[in-house]
2 protein chains.
Amino acid sequence: MRFAAIGLDHRHIYDLTEGLIAAGGVCVGHTAPTSDPRVLEGFRKRFPDVPAMGQEQLLDDPSIGFVVIAAVPRNRAALAIAAMRRGKDVMVDKPGLTTQAQLQEVTQVAEETGRNWSVCWGQAVSRAGQAALELVRAGAIGRVVQTLSLAPHRLNRALRPDWFFAPDAYGGIVTDIGSHQIDQFLAFAQADDCRISATIGSFGTAPAGFQDFAEIVMETDATRGYARVDWFTPDGLADWGDGRLFITGTDGTIELRKNLDLLGRSGGDHLFLTDRTSTRHIACAGREVTYYRDFIDAVRERPDRRAVQMRAFAVTRLSLLAQTHAARFAARQ
Amino acid sequence: MRFAAIGLDHRHIYDLTEGLIAAGGVCVGHTAPTSDPRVLEGFRKRFPDVPAMGQEQLLDDPSIGFVVIAAVPRNRAALAIAAMRRGKDVMVDKPGLTTQAQLQEVTQVAEETGRNWSVCWGQAVSRAGQAALELVRAGAIGRVVQTLSLAPHRLNRALRPDWFFAPDAYGGIVTDIGSHQIDQFLAFAQADDCRISATIGSFGTAPAGFQDFAEIVMETDATRGYARVDWFTPDGLADWGDGRLFITGTDGTIELRKNLDLLGRSGGDHLFLTDRTSTRHIACAGREVTYYRDFIDAVRERPDRRAVQMRAFAVTRLSLLAQTHAARFAARQ
């Protein structure tokens, strides 16, 4: 399964490409970034055998099955549409797009062309997250009462291009780093949709009004969800963020320490399960992330395209809804 | 400083009495419980030298400076009022009372009599909580962006008397176990008041409609707060609840593992501080809890009665407000 990497503006393109290659994909070419040449350097270092090519050339190549996109978020929809119109399936970095109008257009084009449009949300494809989903689906903690997610991110100001601080370019904090959490909630609630609201905070991170904090509250008829995302990972932390997920069930609880076990066990993807009889630690770091293989299988076999991409559209719709109608909290300093 | 324990309906009376004795108080008598004789057995085992006495006799004794109350919550206000009218200061287990009318009456009587009315919220007087407050006040994590608290509790159905399941007796989940969290938020936000809302959930714990889950969202002009309380501690956990507090600051973060460090270090009161330079574990289990000593000092010296009890009234008012106006979530099963 041959694919191309187009729109190399965010470093997430490294993970996406690596995941696809590990799942059997062959990356046959890449385009250049529009914003930050440093992303290109990192790509060349990781994938020295993948040649730089023109975007049109890649989109015209009938041997290429799909493209993977990590352009500036506001440009992702146009690239995805161009690719789908030329017979390519699409995997896109989160957020898949940034406006309601883009969502309508991508939905329509995916429908017309019969192409896959999949967003890699990251959280739901984490190793510990996958393991937790399997436990929950197997009934290990009874009915899910609530998922509660903490997702601090390191700002890394020196590494960030200008578009990173322009809300219309990245779509706002809920659309950007909140969409992960919405996807994750739907996965654990085993739901295709939810009620959603959000509060967006500005606690003084420059530039003025930068959305450095958000809370998202979600619910289905059976399950509650809460997520906090922010840009306040302290410099003294050993990873980019101390991501946690707490799942409360009627008969047990699960905690994920996604990035690191603070001053405890080494590495990430730690899962702690407590049920009626005991508390256990499950190390998930060695597990395969199945998202990339599932995507390639879906592109190749097309067994049920809607099942693959349904959540991509639902999560994108919910992210935009919550971002648009969020309450705003500008902190007094 | 001589005191009496009256209204022995909740086992919290053990901790309150122990704390006061450790802080130099002398418990000169106790009354009997109105609901659950097992509480009395436990009290006698822990404090064999404290004699059982009549309530009127204790309230009439001019040598007794204050009373400590852990009656059925709906009866606490009346006991506190009786004690204040007879010249006694009051320390009461949380919740201090259960209705708006009781709050007005207690406020008025405290004002008229000049007596202290202090509620022991528990969380803010924990060792790790005290240590965290000191760090925050010293600027260790910059400005406080948010506090996020997880407070699961074990239901222990077999140990619970009937009043435990009657909302008018215990006041509802926000009033009861949520008031802790409100007190804690105000402490870290260094505020006397906040905006507040809540959602109360029923996920099927018998009896029907039992309030087994709640979320509380708080904000001042500078700080956000979120708390989840629930009755879903699994039987396989080594303590009654895996209480956590995450404090996000502009320059650092603090995590408290209040009850236990899941499959990690032994004991409770673990504090993890991450700032611009490092991540550190601070063991707080050996520290003195100062609440009881502060209360006794305030009763003895009366330097500023209002400062001691101000938060008791504010937190009680906010708890009742949030409990009364909470959104309700009855989970589909």
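These legends accompany four close-up views of a predicted model.

**View 1. The surroundings of T233(B), a residue in a loop of chain B.** The loop that holds T233(B) runs between two strands of chain B, β9 (224-230) and β10 (244-249). Is T233(B) buried or exposed? T233(B) has a relative accessible area of 8%, and it counts as buried because that value is under 20%. Look next for the polar partner of its side chain: a polar atom there lies 2.9 Å from the backbone oxygen of W240(B). Leaving aside residues up to four places away in sequence, T233(B) touches P152(B), H153(B) and R154(B), together with D239(B), W240(B) and G241(B).

**View 2. Domain 1 of chain A meets domain 2 of chain A.** The domain assignment of chain A places residues 2-120 in domain 1 and residues 123-287 in domain 2. Their C-alpha centres are 25 Å apart. At the interface, 14 residues of domain 1 are in contact with 15 residues of domain 2. Together the two domains of chain A bury about 1100 Å², with 56% of this area on carbon and sulfur atoms. Three residues to pick out here are R38(A), R74(A) and K94(A): they supply 39% of the area that domain 1 buries against domain 2, more than any other three residues.

**View 3. K94(A) and D176(A) form a salt bridge in chain A.** In this pair, the closest N and O atoms are 2.9 Å apart. How many salt bridges are found across the interface of domain 1 and domain 2 of chain A? There are two, and the same interface has six residue pairs in polar contact, both residues of each being at pLDDT 80 or more. On the side of domain 1 that touches domain 2, five residues are nonpolar, three are polar and six are charged.

**View 4. Chain A and chain B share an interface, shown here with the salt bridge of R224(B) and E215(A).** In that salt bridge the side chains meet at 2.6 Å, N to O, and the count between the two chains is four salt bridges. The interface also has 28 residue pairs in polar contact, counting pairs with both residues at pLDDT 80 or more. By class, the side of chain A that touches chain B has 17 nonpolar, 17 polar and 20 charged residues. In all, 54 residues of chain A are in contact with 53 residues of chain B. The chains bury about 4300 Å² between them, 58% of it on carbon and sulfur atoms. For chain A, R224(A), L263(A) and F329(A) supply 14% of the area buried against chain B, more than any other three residues.

Conventions
Residues numbered from 1 in each chain as written. Chains lettered and ligands numbered in written order. Predicted model: local features only at pLDDT ≥ 70, side-chain atom pairs only at ≥ 80, totals over all residues. Heavy atoms only, no water. Helix = DSSP H or I, 4+ residues; strand = E, 2+ residues; numbered from the N terminus. Buried < 20%, exposed > 50% of the residue type's maximum accessible area, 1.4 Å probe, protein only. Polar contact = N/O pair within 3.5 Å; in protein donor to acceptor, adjacent residues only side chain to side chain. Contact = heavy atoms within 4.5 Å. Domains from an automatic or database assignment. Buried area = accessible area lost by both parts, 1.4 Å probe. Nonpolar A, V, L, I, M, F, W, Y, C, P; charged D, E, K, R; others polar.
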